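Colleague: I've just opened this one and I'm new to it. Can you walk me through what surrounds the ligands?

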Amino acid sequence: MDYEGLKIPTHVGIIMDGNGRWAKERGMTRSQGHEAGFENLKKISKYIYSKGIKVLSIYAFSTENFKRSKEEVDFLMKLFEHKFKEYSNQMKEDNIKVVFSGKKAHPLPDAVIAVMKEIEEDTKDKTGGILNICVNYGGHLEIVEATKKISALVRDGKLSLEDITEESFSHYLFQDLPPIDFLIRTSGEVRISNFMLYQLSYAEMYFPSIYFPAFDEASFDDAILIYNKRDRRFGGIKDENTNH
Ligand code: IPE
Ligand code: IPE
Ligand code: MG
């Protein structure tokens, strides 16, 4: 679809949900669903950047996802090792910087942490856009971790209370990114599930029922058309509506 004349969000967030149900509907295993979902991300992210979106944040694995069976968690960790390397190659070609949000620590396996650090290093000078992958990520965790960083600086006399502002706060989050303009959660669930709570404050949200492995270019086009119908007021009022 031609995006000429459309409003393009700067930062899009995607909660990639429904891999398991997508597979189940096809008589496949949950693992195959994850494989298909993470493969799809390569395609759809390329399309998204080609349309002028600068930052894409994707939810790959929440802190709560460790509650799943050992078998599923182990599979996903192995998948991350391979897929993240593939993303890295693609992003290097496409001039996209890859960053990770979440705690790069236990219970993430060392091998996954190593790959994450390597990819961040390899793409750190890329300037065409940002792919923020949330792994071992929780919105509560992110805010608590930021609070700890700030508290330590204040305790050590390196930061004064007056310097903690709404503008400066985001500097202490896992990644200092612009606010999310548009959040898409696939699979029909209408909830945030602890995703980027701080950055979502004024995001427009869209909850298509399609499962993530099936979320293709046409689905993203639909999403952008919906975003364009939204009236973002940020707490203000529309100019023409001044009738008191
Ligand atoms: C989302 O798909 C992907 C991850 C959590 C890694 P799900 O695995 O949650 O799929 P459903 O919700 O069970 O269908
Ligand atoms: C959110 O999906 C996390 C990811 C997509 C990585 P979940 O499937 O884990 O969320 P809930 O449990 O349905 O809220
Ligand atoms: Mg799910």
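**Around the two ligands**

Modeller: Sure. In the shell around ligand 1, the largest share comes from α1, with three residues. Keep in mind that this is a predicted model.

Colleague: OK, and which helices each supply at least two residues of that shell?

Modeller: That would be α1, residues 19–25, and α2, residues 30–50.

Colleague: Which residues surround ligand 1, then?

Modeller: Going along the chain, you meet Met16, Asp17, Gly18, Asn19, Gly20 and Arg21, then Arg30, His34, Ala60, Asn65 and Arg68. Sorted by class, that shell has five polar, four charged and two nonpolar residues.

Colleague: What does the side chain of Asp17 do there?

Modeller: One of its N or O atoms is 2.9 Å from an oxygen atom of ligand 1. The side chain of Arg68 also has a polar atom 2.7 Å from a ligand 1 oxygen. With Gly20, the backbone takes part: a polar backbone atom is 3.0 Å from an oxygen atom of ligand 1.

Colleague: How much of ligand 1 does the protein cover?

Modeller: On its own, ligand 1 has 380 Å² of accessible area, and the protein covers 88% of that.

Colleague: And which pocket does ligand 1 sit in?

Modeller: Ligand 1 sits in the largest pocket. The space taken by ligand 2 is the largest pocket too.

Colleague: Let's switch to ligand 2. Which residues are around it?

Modeller: Ile15, Met16 and Asp17 are there, along with Tyr59, Ala60, Phe61, Asn65 and Arg68, and further along the chain Arg185, Arg191 and Ser193. By class, the ligand 2 shell has five nonpolar, four charged and two polar residues.

Colleague: Which element gives the most to that shell?

Modeller: Strand β2, which spans residues 55–62, gives the most, with three residues.

Colleague: I see some arginines in your list. How far is a polar side-chain atom of Arg191 from an oxygen atom of ligand 2?

Modeller: For Arg191 the distance is 2.8 Å. Arg185 has a side-chain N or O atom 3.2 Å from a ligand 2 oxygen, and for the side chain of Arg68 the matching distance is 3.3 Å.

Colleague: What share of ligand 2 gets buried?

Modeller: The protein buries 78% of the 390 Å² that ligand 2 exposes when taken alone.

Colleague: Wait, Arg68 came up for ligand 1 as well. Where does its side chain reach there?

Modeller: Right, a polar side-chain atom of Arg68 lies 2.7 Å from a ligand 1 oxygen, while for ligand 2 an oxygen is 3.3 Å from a side-chain N or O atom of Arg68.

Notes: Residues are numbered from 1 along each chain as its sequence is written. Chains are lettered from A and ligands numbered from 1 in the order in which they are written. This is a predicted model: local features need pLDDT of at least 70, side-chain atom pairs count only at pLDDT 80 or more; totals for chains, interfaces and linings use all residues. Side-chain values use heavy atoms; hydrogens and water are left out. A residue is near a molecule or strand if one of its heavy atoms lies within 4 Å of it. A polar contact is a pair of N or O atoms within 3.5 Å; within protein, one must be able to donate a hydrogen and the other to accept it, and residues adjacent in sequence count only if both atoms are side-chain atoms. Accessible areas come from the Shrake-Rupley method with a 1.4 Å probe; for residues, only the protein chains shown count as cover. On a 1 Å grid over the protein atoms alone, a cavity is a set of points where a 1.4 Å probe fits but cannot get out, and a pocket is an open set with protein on both sides within 12 Å along at least five of seven lines; lining residues have an atom within 4 Å of a point. A molecule sits in a cavity or pocket if more than half of its atoms lie within 2 Å of its grid points. Helices (H or I, at least four residues) and strands (E, at least two) are DSSP runs, numbered from the N terminus. Ala, Val, Leu, Ile, Met, Phe, Trp, Tyr, Cys and Pro count as nonpolar, Asp, Glu, Lys and Arg as charged, and the others, Gly among them, as polar.
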